[in-house]
Amino acid sequence: MTQFITAVLTSLSSGAIYALMAIAIVLVWRSTRVINFAQAGQAVLTTYIGYTVIQRTGSFWIALVVAVVSGAVIGAVIDRFFMRPIFKRVKSGPIVMIAPVVATLGLLGIIQAIIGFVWGITNQSIEAPVSTGGYKIMGTVIAFSSYNLLVLVFVAGAMLLLTLLFQRTNIGLALRASAYSPEIAKLSGIKVDSVRTLGWALAGAFGGLAGMLYIPGYFLYPNAMDLLLVLGFIAAVIGGLESLFGAFAGGMILGFAIIFSTTYISPKLFFPTAFIVLILVLLVKPAGLFAPKKNRGA
Amino acid sequence: MSLIVEGLTIDHGAIRAINNVSFKVPQGQLAAVIGSNGAGKTTLLRTLSGLKEASSGSATWNASPILGKRAEDLARSGIMHVSDGKSVIAELSVKDNLALTGLWRKDKKDVKAATNEVVELFPILGQRMSQSAGSLSGGERQMLAIGRALIARPKLLLLDEPSLGLAPLIVEQIFQTIKSFVKSMNLTVVLVEQNAMGALKIADQGIVLNLGSVVLIDSAEKLLNDPAVRSAYLGF
Ligand SMILES: Nc1ncnc2c1ncn2[C@@H]1O[C@H](COP(=O)(O)OP(=O)(O)O)[C@@H](O)[C@H]1O
Ligand SMILES: [Mg+2]
């Protein structure tokens, strides 16, 4: 029974982190139709910035804010000064599909190299702001701590804010319109280029949050979030790649599948489980679980 | 106050879609650009609204140049393009579709007034506000696309085949509605159509386009009565 409760709780907190990364990927995909491999690098970079802030101030909370804000700024800068010029120049042919993605891969390498140059490649660590000791249930200590709870609360809060932004504000409407139809958005007078940059900024902020919440349980090194990028990507595809709620649900599904298979069957199943879930979902619903409906009838 | 197009040439790679086209639409007039499929009508409008680059020539609206400006800036300056294919965003609600052209406008009171006018013009939209635009019929989508443009309080309206794919009765209704609001709002309009008859009936001026070149420009009335035009484009 305790094992089951533990599995549920850790599924939630793992899934929440995967969801953050998935949301970052979906935000960029929706706004520019790019799969942003650099997201792992951006998130690590902002986490290193957070790490430096902790060194200077001793405060995880100030570091968290700085990481999220710098994540947004870095995302915006990448879109404005790196991706936008590429899109302006590469306009037709099959290269249009592949060039931006390859560019983000290159960017990932560049960012990781810069991190190595500035901070070195040895493992660093960030101490969690609250206890990482597991709670006690019926006399046994379980693998779910105050810190895991904090992660859940933060992810829920971030999801809520993002949903309100998208559904209740003018900026959210501009973000949605530009994602679904950049052309109609432009013809309606919406500055789609700026809206795209905003999408990258939001994604960067989510990546920054993901890094600061994920790293305290692990180590910080230039490739620290590569695995999380892959899981976030899988979660995003499970959710249909277009939908923010889908990304969240995809992250949670992945969290439960991975934790339950590794808890009850074998710890070796971590990676296979992720891909098995992905393949099952794609076989049953090729467009993902939460792909948006477009037209009436067929 | 007028739209002046001079020597406009537009290419799609090696394909010349518009070849040395010139015409003028005075303020408050409706020009119908007619021509068969592939004549270059859509390409012409896409260039006038900033979606596509021209190869050479010029286009000015109220003496300020159009070419080289961004689509969103032209839209904000009062040039509204209702593109082909009943341009609505299927995933958004009718209400959200209508809201798009009001997002950037400073005068929120007038956005509200304009929205009310559009709902008066197309009452069906008022009943469908919370439905997704994708659930609308073809005619309703066309009304939504036009309504969205009108909420921007445009001065120059570019309409791409509003009648395409609609039932004859709806086509007649759409043309009559266009005619009525164009007059009451004092709009300048370029109406692109394969339905030459329907378009010329509500137009002041007719421009006949064939394979990217202008073959005839005259008053709509004269074109409607021209035997050559009748046999070539009107089918009787
Ligand atoms: N995106 C495009 N790429 C290449 N050729 C195009 C493109 N759009 C249109 N064309 C070509 O330009 C010509 C004019 O097309 P278009 O402007 O769509 O005509 P119309 O709207 O009158 O049917 C056609 O020969 C068409 O094949
Ligand atoms: Mg056309």
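This briefing describes chain B, the surroundings of ligand 1, and the contact between chains A and B. The model is predicted, so local features are given only at pLDDT of at least 70 and side-chain atom pairs only at pLDDT 80 or more, while totals for chains, interfaces and linings use all residues. Residues are numbered from 1 along each chain as its sequence is written, and chains are lettered from A and ligands numbered from 1 in the order in which they are written.

**Chain B as a whole**

- Chain B has 10 helices and 10 strands, where helices (H or I, at least four residues) and strands (E, at least two) are DSSP runs numbered from the N terminus.
- The radius of gyration of chain B, taken over C-alpha atoms, is 17 Å, close to the 18 Å that the globule rule gives for 236 residues, so chain B is as compact as a globular protein of that length; the rule is 2.2 Å times the number of residues to the power 0.38.
- Taken along the principal axes, the box filled by the C-alpha atoms of chain B is roughly 45 × 40 × 35 Å.
- Of the 236 residues of chain B, 48% count as buried, a term that requires 20 or more other C-beta atoms, placed from the backbone, within 10 Å of the residue's own (exposed is 12 or fewer, partly exposed in between).
- Among contacts in chain B between residues at least 6 apart in sequence, 69% join residues at least 24 apart, a contact being two residues whose C-beta atoms, placed from the backbone, lie within 7 Å.

**Around ligand 1**

- The residues around ligand 1, each with its C-beta atom, placed from the backbone, within 6 Å of the ligand, include His12(B), Ile15(B), Asn37(B), Lys41(B) and Thr43(B).
- Two elements of chain B, β2 (15-26) and α1 (41-48), give two or more residues to this shell, and the largest share, three residues, comes from α1(B).
- By class, the shell has three nonpolar (Ala, Val, Leu, Ile, Met, Phe, Trp, Tyr, Cys and Pro), seven polar (the others, Gly among them) and one charged (Asp, Glu, Lys and Arg) residues.

**Helix α1(B)**

- Seven of the eight residues of α1(B) are buried, leaving this helix mostly covered, and among them are Lys41(B), Thr43(B) and Arg46(B).
- Just after α1(B), Gly50(B) takes a positive phi of about 90 degrees.

**Contact between chains A and B**

- The contact takes 22 residues from chain A and 23 residues from chain B.
- On the side of chain A that touches chain B, α6 (170-180) and α7 (182-187) each supply at least two residues, with the largest share, six residues, coming from α6(A).
- The residues of that side of chain A divide into 10 nonpolar, five polar and seven charged.
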